[in-house]
Amino acid sequence: KRSLSRHSTGLYLLPHPVQIEDSSLIRQDHISRVLSLLRMTFTHLILDLSKAYQPMDFVSMQLADEILLITQLDVSSLRNVVRIMLSLNEREGLEQKVRVIANRVGSGDNEISIPKAEETIGRPILCRIPNDSRTMLASRNSGVPLVVYAPKSGLYRSIQIGRAHV
């Protein structure tokens with residue numbers, strides 16, 4: 001716990017290494033060991049993985065109970081979901097852990113509909129988070145969690161409702 005930062009809300013954070021080059025010192029067995037230790041202390045772990053899907057990311061996903069794949073409703077993002085799912089299908093046990101979440105829903109006229117997106121990716125979208133970049137950025141830039149910054153916002157309510165589905 002000495003390596004973790006504690007937020008006033010009670011949330012703990014294991015930060016990135018300060019020096020980017022220090023990331024290369026972390027090995028797969030380190031990730032497994034750290035996650036095992038964290039599981040003994042906490043009931044829930046949330047990992048924000050890289051977009052590159054490095055070997056470390058796959059170790060984390062193998063250990064995960066659920067994988068939340070967050071996408072936007074545009075052609076490029078949905079194509080990436082299909083590509084990611086093809087990659088995850090090649091690794092035993094990962095495909096069935098994936099839950100897809102649509103982010104920034106309602107962000108424009110060119111947005112693909114939920115039914116079309118589900119048809120494209122071949123699986124249901126379990127949660128829809130509305131586009132409210134102003135509230136989200138203000139919360140993030142102030143360093144205050146959304147639950148504290150805007151607990152009555154549609155954005156926060158959709159996340160709460162989504163938790164019931166995920």
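A crossing between two helices is termed right-handed if the near helix is turned clockwise from the far one by less than a right angle, and left-handed if the turn is anticlockwise. In the predicted model described here, helix α1 passes helix α2 in a crossing of the right-handed kind. The axes of α1, which spans residues 28–41, and α2, which spans residues 55–63, come within 9 Å and cross at roughly 35 degrees. On the α1 side the contact is made by Q28, I31, S32, L35 and R39, and these residues are met on the α2 side by P55, M56, V59, S60 and L63. By residue class, the contact of α1 with α2 comprises six nonpolar residues, three polar ones and one charged one.

A second helix pair is formed by α3 (residues 75–89) and α4, which pack with their axes 9 Å apart and at an angle of about 30 degrees. Because angles under 35 degrees count as roughly parallel, α3 and α4 are described as roughly parallel to each other. The crossing of α3 and α4 is likewise right-handed. Residues L78, V81 and V82 of α3 make the contact with A117, T120 and I121 of α4, and the residues of this contact divide into five nonpolar and one polar, with no charged residue.

As to the confidence of the prediction, the chain averages a pLDDT of 89, and 97% of the residues score at least 70. Confidence is highest in helix α4 (residues 114–121), at a mean of 96, and lowest in helix α7 (residues 154–165), at a mean of 77. Where pLDDT is low, the predicted coordinates should not be interpreted in detail.

How values were computed:
Residues numbered from 1 in each chain as written. Predicted model: local features only at pLDDT ≥ 70, side-chain atom pairs only at ≥ 80, totals over all residues. Heavy atoms only, no water. pLDDT = per-residue confidence, 0-100. Helix = DSSP H or I, 4+ residues; strand = E, 2+ residues; numbered from the N terminus. Axes fitted to C-alpha atoms, helices over the stretch in contact; angles between N-to-C directions. Contact = heavy atoms within 4.5 Å. Nonpolar A, V, L, I, M, F, W, Y, C, P; charged D, E, K, R; others polar. Parallel < 35°, antiparallel > 145°, perpendicular 65-115°, else oblique.
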